[in-house]
Amino acid sequence: MKKTVRAHTNIALIKYWGKADQAMRLPAMSSISMTLDEFYTDTKISDSEKDRFILNGTEQTGKSAQRVFSYLRFLQERFGLSGHLQVESTNHVPTAAGLASSSSAFAALAGAFSSYYDLQINRQELSCLARMGSGSACRSVFGGFAMWQKGNSDLTSYAYAINEQPEMDLHLLAVELNPNPKELSSTNGMQLAKTSPFFQPWLERNQAEIDKMIEAIEQNDFTALGQLAELNANEMHAVNLTAQPGFTYFEPDTIRAIKLVEQLRREGIECYYTIDAGPNVKVMTRLKNVKEITKRFISEFDNVKIVNASFGPGIKYLD
Ligand code: 2P0
């Protein structure tokens, strides 16, 4: 039986930023993502005398291990299973990327669990299980462009593929400006965001934004995709700024990066940004502009690290 499972991280183009149900991890809105080739997690589960979580060769204790163990207990209960397990994960998500690894981590863990017990579940069911580990993980079950339909119950809230092998000329430059861990977790940030007077109006726009993004994907329209992804990211950060109390993940360098993207556009170099729950910036562009944009970021910022990513595949069973 194949037991090592690989899942790639994804970046949301239409963001998930708010829960309708905390315990079931049901989102307040639907979201759309791009799965990335450069960043992934490999995870294997095996028998053990006690629960163990080994990450990049080091046994983990504390919060991160507890989150993994309680997720495994949840999965075991759901399928009427028991027993201790060892989880071995390798993260191929360079800290340099400034990307969160929870999407690939929990998608790989859900996949490894299903493989270890030979659960014979389909990708939709696997996506539901991954969602319970970390919301964004449900989208990493699929490659290319994935859509997480918010649903209104455990069984109706899952992701599916929009197009797993897109032809769009789309590159995502993960620009790491600040390597420090974020001060406010996504879970807490999302909860605060709901206190913004703009949260509800933003939610009301969700279906129209989803429809527009699907149209941009289907029509291979990079410009429409980039403009909408940038707008949606700014809406998320506007909601954070106007929460009660307001907050932001932006650092001064985040603003400088935004201004550089705007400047590049004025020069005719088409690119757009998206920003998640942290200060780092992701720049979307076409292959022909990757070199020039990379050069400009390196000349504007000290110690900046940039990884050029494109479309990655869905979950893979490796051995
Ligand atoms: C996303 N993010 O759609 C959004 C955009 C960050 C900004 O999903 O609480 O780790 O585990 O469900 O998935 C990050 O939050 O949150 C996230 P939980 P998750 O990708």
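**Figure 1. A28 in the loop between strand 3 and strand 4 (31-47).** In this predicted model, A28 is found in the loop that links strand 3 to strand 4. The relative accessible area of A28 is 12%, so A28 is buried under the 20% cut-off. Leaving out residues up to four places away in sequence, A28 touches G18, K19, A20, K150, F199 and L203. One of these partners, L203, is 175 residues from A28 along the chain, yet the two C-alpha atoms are separated by 7.5 Å.

**Figure 2. The ligand and the residues around it.** The ligand is surrounded by 18 residues, and the closest are Y16, K19, G135, S136 and R139. Three polar side chains are shown with their distances to oxygen atoms of the ligand. For K19, a polar side-chain atom lies 2.7 Å from a ligand oxygen. For S136, an N or O atom of the side chain is 2.8 Å from an oxygen atom of the ligand. For R139, the distance from a polar side-chain atom to an oxygen atom of the ligand is 2.7 Å. The ligand taken alone exposes 470 Å², of which the protein buries 93%. Helix 4 (residues 186-193) gives the most to the shell around the ligand, contributing three residues.

**Figure 3. The two domains and the contacts between them.** The domain assignment divides the protein chain into domain 1 (2-167) and domain 2 (171-309). Taken over C-alpha atoms, the centres of domain 1 and domain 2 are 23 Å apart. Contacts between the domains involve 30 residues of domain 1 and 39 residues of domain 2.

**Figure 4. The largest nonpolar core.** This core has 48 residues. W17, I45, Y71, L72, L109 and F113 are the residues with the most contacts inside this core. Helix 2 (residues 102-116) gives the most to the core, with eight residues. Both domain 1 (2-167) and domain 2 (171-309) give residues to this core, so the core lies between them. Another core lies apart from this one; it has 29 residues, including F39, M147, M213 and I214.

**Figure 5. Surroundings of Y71.** Y71 is among the residues with the most contacts inside the largest nonpolar core. With neighbours within four places in sequence left aside, the contacts of Y71 are F106, L109, A110, L129, A130, M132 and G133.

**Figure 6. Helix 3 (residues 123-133) and what covers it.** Eight of the 11 residues of helix 3 are buried, so this helix is largely enclosed by the rest of the structure. The buried residues in helix 3 are L126, S127, C128, L129, A130, R131, M132 and G133. Their cover includes strand 3 (26-27), helix 1 (63-78), helix 2, strand 8 (145-149), strand 9 (158-163) and strand 14 (316-317). At the start of helix 3, a side-chain oxygen of N122 comes to within 3.1 Å of the backbone nitrogen of Q124.

**Figure 7. Q76 in helix 1.** Q76 is part of helix 1 and is buried, with a relative accessible area of 3%. The side chain of Q76 reaches the backbone oxygen of G83 at 2.9 Å. Not counting residues up to four places away in sequence, Q76 touches L81, S82, G83, L85, F113 and Y117. Among these partners of Q76 is F113, one of the residues with the most contacts inside the largest nonpolar core.

**Figure 8. V93 in the loop between strand 7 (85-92) and helix 2.** V93 has a relative accessible area of 10% and is buried. Apart from neighbours within four places in sequence, V93 is in contact with T9, F39, Y40, T41, L99, S101 and S104. V93 and T9 are 84 residues apart in sequence, with 8.2 Å from C-alpha to C-alpha. F39, another partner of V93, belongs to the core of 29 residues.

**Figure 9. S310 in the loop between strand 13 (305-309) and strand 14.** S310 counts as buried at 14% relative accessibility. A polar atom of the S310 side chain lies 2.9 Å from the backbone oxygen of L170. Not counting residues up to four places away in sequence, S310 touches M34, T35, L36, D37, L170 and H171.

Definitions and conventions: Residues are numbered from 1 along each chain as its sequence is written. This is a predicted model: local features need pLDDT of at least 70, side-chain atom pairs count only at pLDDT 80 or more; totals for chains, interfaces and linings use all residues. Side-chain values use heavy atoms; hydrogens and water are left out. A nonpolar core is a set of buried Ala, Val, Leu, Ile, Met, Phe, Trp, Tyr and Cys residues joined through side-chain atoms within 4.5 Å. Buried means under 20% relative accessible area, exposed over 50%, partly exposed in between (1.4 Å probe, protein chains only). Helices (H or I, at least four residues) and strands (E, at least two) are DSSP runs, numbered from the N terminus. Domain bounds come from an automatic or database domain assignment. Contact means heavy atoms within 4.5 Å. A polar contact is a pair of N or O atoms within 3.5 Å; within protein, one must be able to donate a hydrogen and the other to accept it, and residues adjacent in sequence count only if both atoms are side-chain atoms. A residue is near a molecule or strand if one of its heavy atoms lies within 4 Å of it. Accessible areas come from the Shrake-Rupley method with a 1.4 Å probe; for residues, only the protein chains shown count as cover.
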